[in-house]
2 protein chains.
Amino acid sequence: MVRGEFDQIARYFAPLAAGAPGAFGLRNDAAVLSPPPGEELVVTLDTLVEGVHFLPEDPPDLLARKALRVNLSDLAAMGARPLGYLLSTAWSSRIDDAWIEGFTNGLAADQKTFGLHLLGGDTVKTPGPLTLSITAFGSLPRGGALTRSGAKTGDGLYVSGRIGDGALGLLALRGALRHLSLSEQEQLEQAYRLPEPRCSLGPALIGLANACLDVSDGLLADAAHLAEESGLQVIIEAPAVPLSDAAQAALAEDPELFTQVLTGGDDYELAFAIPPVEEPKIAVLSQELGLSLTRVGRFAEGAGVLILDRGGRPLTLEVRGWTHF
Amino acid sequence: MVRGEFDQIARYFAPLAAGAPGAFGLRNDAAVLSPPPGEELVVTLDTLVEGVHFLPEDPPDLLARKALRVNLSDLAAMGARPLGYLLSTAWSSRIDDAWIEGFTNGLAADQKTFGLHLLGGDTVKTPGPLTLSITAFGSLPRGGALTRSGAKTGDGLYVSGRIGDGALGLLALRGALRHLSLSEQEQLEQAYRLPEPRCSLGPALIGLANACLDVSDGLLADAAHLAEESGLQVIIEAPAVPLSDAAQAALAEDPELFTQVLTGGDDYELAFAIPPVEEPKIAVLSQELGLSLTRVGRFAEGAGVLILDRGGRPLTLEVRGWTHF
């Protein structure tokens, strides 16, 4: 049984808007929102389709949290702190009250974790697959937005956290990494299902980083985006790419998986350009945040991506990440 | 043929973002947006699914414009002027470049008409029906937002424009109004396909209206929303409901169509509560805007909706508008 639209909103969604005065309890045509004084607003949108971006059997609470986190990662990439979000849901016929309850429980959990509220949205039915769209709002000091286009020659390329766990996690979920221990498989699966948006790191990079984005298409493709938008070449030192213990175990067995690590995407780590004069501050920031920040390469005159192996020799990869299509 | 995501964005969507500096040419993870000084932001979202909210054969340019206008109507209902929008598109397999070109041409036309820009969004593929979601941004003087909950006993209930043309237009498109002249049918169809959001009226009602919404579910259901949120009864005088010449012709043939007029929805006119002391200003405002503003009833102690016929006798309708589900 699925409730009517108004009943569903009152029961499952209005509680998510409690505490956000501009949401008017979801009973108006629109919501009111203001950035804090001296700040400007950042907006981003991600759309997820069942069977394309997630699987029908994905637990609804984890799906909800991942959908929200992917957007928070986009906000973090520009240096913004989260404020709130709008939710568009097109329910397929299989979605029942229990599913919606799990889904909204997941949203409630992450609203608490990341300090934001539901502000509004739209709920419709679809004869097709479940389709979700989240519009997230954040704010940052006026004029401070980090973009993809500011990297300079000589800047170091840094990444947060570990690279490749998300992509390897998807392989693990598909049963392709059975040679790993169960705990290693679970660790990778968790990274795929519930990425950690770098909401504290992004704002801390304002004034430090010359360019920034979040790694969603794979480090290779996203480093290429930074290089292209900045009119430079980016050089990645393959041995410097930070790997989790589980990823190292996977690669020890099958070194070819390094392609997945660099191109599989779903990392939701930040990749950013730091001018040499600011590089000493990155170690301090890493300690403050309790988050590893690793120099994996540098920007240089030229174009495209160059990957160097342990001996400094160029590596060639056949795949170049995916373009969503 | 459908282009890849990046190519498609560069060719069809980036031109829609030209002139909006915070959109960064659609090449970043998010967009930056600020309300003008002294104003706050209003955000709204509408999702449209092919086969549910529109038909596969609907012309893509008109569909684009209607999708945008429905959101502008929500902004107007709160008193906000449009600033920009985010677009989520889940393309079904039938969507080709020609369709996307028609769609973006429609957006371009209405961006010009209503003075706003595309700020960002997401473009994905779906194995299901075409699904569109628009998040629209507007702004209004801080604290000035019109809501549904402020109507007071004795306030007059007003509507803009004409009621029922949208609902009758859908009937005309289905061939159910063949007794009308071709020009009458076309006039009604046009009202359904391309509503006129009341972007000038909404902001002008700030400080005048005690409550406001846009009529999307039908005058009956939406007047009931105003009454319920304000804790009052609303009394509608049926003969006062403003009808176009084409609607009058339709009703002359089949008086039962009045139910469609009151409950069919898709009007996108504003319905608002005006205290008696402000009522003289409404005629002035109507002249200034060149838009008819009609008193169709009043708010009273109690609850629910009462509809009175020409003799002041209560009318009963079986249908109460639709709840989308």
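Two strands pair if DSSP finds at least two bridges between them; helices (H or I, at least four residues) and strands (E, at least two) are DSSP runs, numbered from the N terminus. In this predicted model, strand 2 (residues 39–49) of chain A and strand 1 (residues 31–33) of chain B pair in the antiparallel sense over 3 bridges. Within strand 1 of chain B, B:Val32 is the bridge partner of A:Val42.

**Interface**
- Contact (heavy atoms within 4.5 Å) joins 61 residues of chain B to 60 residues of chain A.
- About 4,800 Å² is buried between chain B and chain A, 62% of it from carbon and sulfur atoms; buried area is the accessible area (1.4 Å probe) that two parts lose on being put together, summed over both.
- Strand 2 (residues 39–49) of chain B contributes the most to the side of chain B that touches chain A, with 9 residues.

**Polar interactions**
- The count of salt bridges between chain B and chain A is 0, a salt bridge being a side-chain nitrogen of Lys or Arg within 4 Å of a carboxyl oxygen of Asp or Glu.

**Symmetry**
- A turn of 180° and a shift of 0.0 Å along the axis lay chain B on chain A with an RMSD of 0.0 Å, superposed by least squares on the C-alpha atoms of residues with pLDDT of at least 70 in both.
- That is the relation of a two-fold axis.
- Of the residues of chain B, B:Gly128 comes closest to the rotation axis, at 2.1 Å (C-alpha).
- The copies meet through the same surface, because 98% of the interface residues of chain B are also interface residues in chain A.

**Conventions**
- Residues are numbered from 1 along each chain as its sequence is written, and chains are lettered from A in the order in which they are written.
- Local features need pLDDT of at least 70, and side-chain atom pairs count only at pLDDT 80 or more, whereas totals for chains, interfaces and linings use all residues; side-chain values use heavy atoms, with hydrogens and water left out.
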